[in-house]
Amino acid sequence: MQHPTFYITTPIYYPNAKLHMGHAYTTTLCDIIARYHRIKGDRTYFLSGADENTEKVVREAVQRGIDPIEYLDSVVAEFESLYERLHISHDQFIRTSDQVAHWPGAQAMWEQLVKSGDIYKQTYRGLYCVGAESFVTEKDLRPGGLCPDHDEAPHVVEEENYFFRLSKYTDVIRAKIESDELQIIPASRKAEILALLREGLTDVSFSRPAEKVTLGVPVPNDPSQKMYVWCDALTNYITALGYGRSDSALLQQFWPANLHVVGKDILRFHAAIWPAMLLSAGLPLPRAILVHGMITSGGRKMSKSLGNVIDPVELIDEYGAEAVRYYLAREVSPFEDGDITHETFKEVYNANLANGLGNLAARIMTMAEKYLEEPVSIKKFPFPNGYEEAFAQYNIQRAADIAWEDIGKLDAYIQETQPFKIVKIDREGARAIIAELVQRLSIIAHMLEPFLPESAGKIQTAIAENKKPENLFARKE
Ligand code: ME8
């Protein structure tokens with residue numbers, strides 16, 4: 001029997017600044033889910049990338065006096081270096097400036113939309129926020145005329161644009177989301193998008209005059225226009241698989257995606273505009289969209305002006321990648337907003353990694369090394385109850401909790417049985433207990449593989465060699 005396929009994607013991030021803990025969150029969440037599916041034997045494909053055709057990049061580069069392309073390359077190199085340091089196991093990193101990998105597919109998609117009669121030209125006057133890369137309406141603005149999410153005043157734009165007939169797809173998309181043919185997770189986000197769909201979708205501007213934007217994919221057959229950044233950006237999920245190119249083996253194998261993971265800020269683009277584009281182009285819809293919350297720091301939105309932006313690289317330098325992965329997996333819910341501060345990070349690091357997992361593995365393997373003559377021969381068991389169910393619902397926090405519940409139980413079992421004392425009076429009895437501890441530790445390590453691949457590996461090696469693991473997590477004072 002052929003193994004099932006599993007295609008998972010992160011959003012493609014804007015390279016106008018370094019990635020922060022929010023981006024690290026989405027990416028790590030996807031990585032953990034992808035690793036779990038690989039362990040199950042699914043043929044898994046994990047895509048991430050950079051959304052480069054944006055004025056945000058141009059603005060930033062100009063401020064720094066650097067050429068935009070040079071600036072893009074340097075920021076994207078930093079993205080990739082963070083991925084490597086965080087042990088992100090993506091199969092491809094797509095860049096939408098890539099004229100070979102991405103542009104032909106983006107243009108092929110445009111042509112399909114034209115064929116379906118869903119693209120029309122119109123003069124448009126509206127308020128555009130570059131921070132949001134989106135038109136905003138007067139009623140959305142905060143007092144002072146600022147875009148609610150981007151602390152900047154949108155500017156009035158009057159221009160000739162191509163529009164996409166999004167309104168036409170309102171009812172079809174609504175039915176598909178209602179029936180879970182396109183699953184929106186969690187239920188609260190499903191309700192949110194359904195409410196929006198009930199109001200009805202309006203058509204969206206899908207291109208900008210070429211002379212007004214520096215970067216962008218040219219509209220086929222009309223050099224005076226470039227595609228609106230979201231139009232080409234959403235297409236990345238299929239261009240990466242070869243859509244619009246001669247080799248579409250990956251597309252055949254992996255589309256439709258099993259899961260797009262996005263933050264709640266971009267729900268509307270993924271659950272309304274993207275499905276409409278796919279319907280218009282005659283392509284199947286993704287099976288599910290997981291919409292996570294926002295990570296704040298000390299209860300406030302991370303922002304440069306508040307000075308509370310947490311840089312994942314700093315945390316990796318101090319605590320190691322696995323500690324960052326741990327925090328994101330277990331201390332943040334995939335369905336709600338989460339918070340992180342340097343203080344909470346240190347606290348949970350000490351409690352659950354240094355004194356928790358690290359200490360448990362060291363205690364057990366120290367006893368094993370001392371009292372067992374050879375490595376315990378490990379029996380393979382299925383994952384403990386609840387673990388697979390948690391992953392099936394993409395609730396990685398619950399799956400991690402199950403592993404830490406077992407860590408707690410194993411700690412308690414050592415206290416109860418005291419093998420280090422018993423060994424003086426009943427050596428064989430103590431050995432049997434220690435062998436059982438090692439076996440149970442191996443089950444925990446197996447559960448930790450998607451979350452902490454390096455530490456799980458160290459524990460498994462220690463078990464195979466019957467010796468204390470290399471220092472896993474040192475206590476931070
Ligand atoms: O929106 N907490 O890119 P972007 C949690 N290029 N997640 C956060 C976060 C936070 N505080 N801040 C950002 C774009 N994220 C578009 C996407 S996709 C075709 C195009 C994560 O760089 C979260 O996943 O602004 C959010 O949706 C995404 O980064 C936005 O990244």
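## Helix α4 and the ligand site

Gly117 follows helix α4 and has a positive phi, near 75°. Helices here are DSSP runs of H or I with at least four residues, strands are E runs of at least two, and both are numbered from the N terminus. The model is predicted: local features need pLDDT of at least 70, side-chain atom pairs count only at pLDDT 80 or more, and totals for chains, interfaces and linings use all residues. Residues are numbered from 1 along each chain as its sequence is written, and side-chain values use heavy atoms, without hydrogens and water.

Helix α4 covers residues 103-115, 13 in number. Its first and last C-alpha lie 18 Å apart, close to the 18 Å expected at 1.5 Å a residue. That expected span is 1.5 Å times one less than the number of residues. Trp103, Gly105, Ala106, Met109, Trp110 and Leu113 of α4 are buried (under 20% relative accessible area, 1.4 Å probe, protein chains only).

Now the ligand. Around it stand 22 residues, each with a heavy atom within 4 Å. Ile12, Thr26, Asp51, Asp265 and Ile295 come nearest. By class, the shell has 11 nonpolar, nine polar and two charged residues. Gly counts as polar; Asp, Glu, Lys and Arg count as charged.

Polar contacts are pairs of N or O atoms within 3.5 Å:

| Protein N or O atom | Distance to a ligand oxygen atom |
|---|---|
| Gly263, backbone | 3.0 Å |
| Asp265, side chain | 2.8 Å |
| His292, side chain | 3.5 Å |

Taken alone, the ligand exposes 670 Å², and the protein buries 92% of that (Shrake-Rupley method, 1.4 Å probe). Elements giving two or more residues to the shell are β1 (5-13), α1 (21-40), α7 (229-234) and α8 (236-239).

Definitions and conventions
Polar contact = N/O pair within 3.5 Å; in protein donor to acceptor, adjacent residues only side chain to side chain. Buried < 20%, exposed > 50% of the residue type's maximum accessible area, 1.4 Å probe, protein only.
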